[in-house]
Amino acid sequence: MPPRSKSSQRWLAEHFSDPYVKRAQAEGMRSRAAYKLEELVARDRLLKPGMTVVDLGAAPGGWSQWVRQALGDEGRVIALDILEMPPLAGVEFLHGDFREDAVLSRLEAALDGRPVDLVLSDMAPNKSGVGAVDQPRAMHLAELAMAFADDHLRPGGAFLIKLFQGVGFDDYVRELRHRYDKVSVRKPAASRQRSPEVYALARGRRPR
């Protein structure tokens, strides 16, 4: 087995000393990402009993798990990812590539024409380490998620998406402002400070 690079050694050291990793392990959460969502959602009281929530890029399931617990027995949580995800009680999981029309059709069939109250997207492309390649891939996924929210969110609904700062970011946020009454860009405490990720929360979807 080849020796680990310095960057991977640093990541492992950070990971195992990370208080959010330790908290996730202690509380039985699937990932530390649950605490990003907890901070982002709690601040604006986004979750209400009986909501329908769609979680795009859900694996390993930290966000879906947290939402399901927060909603209790009411409402629906539909999760989708290109990666397999072990089952979560009360979460409907669709396995497939969000970029493919057939997968979107399955998601639409699961919704059966009912509007969505909250769309979550923690999607990110597989990183190559080359910004000129990774950023357009990330923005393409973000465009698809925004189009899905356009088509399926109820008027007044909310959209929370992970974005990476770089080319296309400002234009994307501007597009959100055309579609929603209020748009905030935030970096939760559980996000690693050196990561370029931020989260855009768009509330109050305007009727088309």
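In this predicted model, a search of the whole structure returns 3 aromatic pairs. One of them joins Trp-63 and Tyr-199, whose ring centres lie 5.9 Å apart with the planes at 40 degrees, so that the pair is classed as tilted; an edge-to-face arrangement would require an angle over 60 degrees, and a stacked one an angle under 30 degrees. The two residues come from distant parts of the chain, Trp-63 belonging to helix α4 and Tyr-199 to strand β7 (residues 197-205), with their positions 136 residues apart. Both Trp-63 and Tyr-199 are buried.

Another of the aromatic pairs is formed by Phe-98 and Phe-148, for which the centres are 6.1 Å apart and the planes stand at 75 degrees, so this pair is edge-to-face. It likewise links distant parts of the chain, since Phe-98 is located in the loop between β3 (91-95) and α5 (101-111), whereas Phe-148 is in helix α6, 50 residues apart. Phe-98 and Phe-148 are both buried.

The surroundings of Phe-148 extend beyond this ring pair. When residues up to four places away in sequence are not counted, Phe-148 touches Val-54, Leu-56, Phe-98, Leu-104, Leu-107, Leu-111, Val-119 and Leu-153. Phe-148 is also among the residues with the most contacts inside the largest nonpolar core, which has 33 residues, and it shares that standing with Leu-56, Leu-107, Phe-159, Leu-163, Tyr-172 and Leu-176. Helix α6 (residues 131-152) makes the greatest contribution to this core, supplying 7 residues. Another core, lying apart from it, comprises 25 residues, including Met-51, Ala-58, Val-77 and Leu-160.

Two of the residues touched by Phe-148, Val-54 and Leu-56, are part of strand β1 (residues 52-56), which is mostly covered, 5 of its 5 residues being buried. Within β1, the residues Thr-52, Val-54 and Leu-56 point one way, while Val-53 and Asp-55 point the other way, and all are buried.

Strand β1 has pairing partners in both β2 and β4. With strand β2 (residues 76-81), β1 pairs in the parallel sense over 5 bridges, and Val-53 is placed opposite Val-77 of β2. With strand β4 (residues 116-121), β1 also runs parallel, the two being joined by 4 bridges, and here Val-53 stands opposite Leu-118. The connection from β1 to β2 involves helix α4 (residues 62-71), and these three elements together make a right-handed β-α-β unit. Helix α4 of this unit is also the element that holds Trp-63, the partner of Tyr-199 in the tilted pair.

Note on methods: Residues are numbered from 1 along each chain as its sequence is written. This is a predicted model: local features need pLDDT of at least 70, side-chain atom pairs count only at pLDDT 80 or more; totals for chains, interfaces and linings use all residues. Side-chain values use heavy atoms; hydrogens and water are left out. Buried means under 20% relative accessible area, exposed over 50%, partly exposed in between (1.4 Å probe, protein chains only). Two strands pair if DSSP finds at least two bridges between them. A crossover is right-handed if, with the strands pointing away from the viewer, the path from the first strand over the helix to the second runs clockwise. A nonpolar core is a set of buried Ala, Val, Leu, Ile, Met, Phe, Trp, Tyr and Cys residues joined through side-chain atoms within 4.5 Å. Contact means heavy atoms within 4.5 Å. Rings of Phe, Tyr and Trp (its six-membered ring) pair if their centres lie within 6.5 Å; planes under 30 degrees apart count as stacked, over 60 as edge-to-face and the rest as tilted.
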